[in-house]
Amino acid sequence: MPISTLPLWLAGALPLQVAAQVLPPAAPADTSQLRQHLVALVGTPEPRNYQHLPSLNQAARYIEQQLQAAGAQPVRQPYDVQGNTYYNVIGRFGPATGPQLVVGAHYDVCGEQPGADDNGTGVAALLELARLLGRQPTLPYGIELVAYTLEEPPFFRTPQMGSYVHAKALHDAGVPVRGMVALEMLGYYDDRKGSQDYPFGPLKWVYGGRGNYVTVAQKFGNGQFGRQFARRYKGLATLPVRRFKAPAWLPGIDFSDHLNYWQFGYPAVLLTDTAFYRNKHYHQPTDTLARLDMRRLALAVDALLATLLRG
């Protein structure tokens, strides 16, 4: 997740309606599986950034293998940047026809650091979601899981982002898209008072000072998909959830890969632990597996699966 000068909280949150709590489906997310994925991602010989292509490709192969093991037929989406070939890795579940829902997470890191939370946790969540989707007898619609490359600088906000390549391909092919969910940093939690930062002090009185929640962020005018996803996710989750909306022009609301789906007219939301407003190891060598909360990462995946299965 690239850093931005203005936060997605700047516009505040909309009033929330109380939703009935519904238990997530059976076969919840497995913390040992999540840990396995994270170990594989942070354990490449060199950090998985665009300058270390062998390590980046090692991560892509691991993702491909896990999608196949989950029951998908993985597809590589190659494209060339600065004389090198980079890959998105795609796995599909459910009906092949009709509107598709996209869930994506980038697997590259920024600079020379392991990127356990940014964005190992997003990819681990994606792969555990794949395993759980593969066990469902039927799905209400097609779900396309995508692991993106080149989300981080120097490619952020350029057509070289893997998510831009994927969104453009869907648009050019005329594929109907129900919506998109970007998984971006989902594993860092802190229950201490004052552990959650905000750009303006008073926002702490609105959202709380403990970094113990996951956030669903979206822009104003995101349509029925965004409203429904945020409402259902909050209602189905067994960990605290905050919902945020802001104008599309506000820097910070588009912190991750979902921004490229907006560019092509698709509704999209961001699911995140709020990045550097909580995790002070963001983009640092100290962004390690040991600092992550596997239990709450699993709960975030449980709520995501339950939300997707609602149709």
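Residues 24 or more positions apart account for 79% of the contacts in the chain with a separation of 6 or more, a contact being defined by heavy atoms within 4.5 Å. The structure is a predicted model, in which local features need pLDDT of at least 70 and side-chain atom pairs count only at pLDDT 80 or more, whereas totals for chains, interfaces and linings use all residues. Residues are numbered from 1 along each chain as its sequence is written, and side-chain values use heavy atoms, with hydrogens and water left out.

The chain has eight helices and eight strands; these are DSSP runs numbered from the N terminus, with helices (H or I) of at least four residues and strands (E) of at least two. Of the 311 residues in the chain, buried residues make up 59%. Buried denotes under 20% relative accessible area, exposed over 50%, and partly exposed the range in between, with a 1.4 Å probe and protein chains only.

Strand β3 (residues 100-106) is largely enclosed by the rest of the structure, because seven of its seven residues are buried. Q100, V102, G104 and H106 point one way from β3, while L101, V103 and A105 point the other way. In a regular strand the side chains alternate between the two faces of the sheet. Strand pairing requires that DSSP find at least two bridges between the two strands. β3 runs parallel to strand β4 (residues 142-148), to which it is joined by seven bridges. Within this pairing, Q100 has G142 as its bridge partner, and V102 has E144. The connection from β3 to β4 passes through helix α3 (residues 116-133), forming a right-handed β-α-β crossover; right-handed signifies that, with the strands pointing away from the viewer, the path from the first strand over the helix to the second runs clockwise. β3 also pairs with strand β5 (residues 177-184), in the parallel sense over five bridges, and V103 stands opposite V181 in β5.

Strand β4 is likewise largely enclosed by the rest of the structure, since seven of its seven residues are buried. From β4, G142, E144, V146 and Y148 point one way and I143, L145 and A147 the other. Strand β2 (residues 84-93) pairs with β4 in the antiparallel sense over five bridges, and G91 of β2 has L145 as its bridge partner in β4.

The largest nonpolar core comprises 68 residues, of which V103, Y107, L145, V181, L183, Y233 and L304 touch the most other members. Such a core is a set of buried Ala, Val, Leu, Ile, Met, Phe, Trp, Tyr and Cys residues joined through side-chain atoms within 4.5 Å. Apart from the largest core lies another, of 28 residues, among them L170, V177, A217 and L270. Beyond its neighbours within four places in sequence, V103 contacts several residues, including L126, L129, I143, L145, V181, L183, L304 and L308.

Nine aromatic pairs are present in the structure. One of them, between F276 and Y282, is tilted, at 5.2 Å centre to centre and 55 degrees between the planes. Rings of Phe, Tyr and Trp (its six-membered ring) pair if their centres lie within 6.5 Å; planes under 30 degrees apart count as stacked, over 60 as edge-to-face and the rest as tilted. Both F276 and Y282 are buried, and ring pairs link these two residues with F255 and Y277 into a cluster.

Two arginine residues lie over tyrosine rings. R178 is placed over the face of Y141, 3.9 Å from the ring centre, and R76 over the face of Y87, at 4.7 Å. The criterion for a charge over a ring is that NZ of Lys or CZ of Arg be within 6 Å of the ring centre and within 35 degrees of the ring normal.
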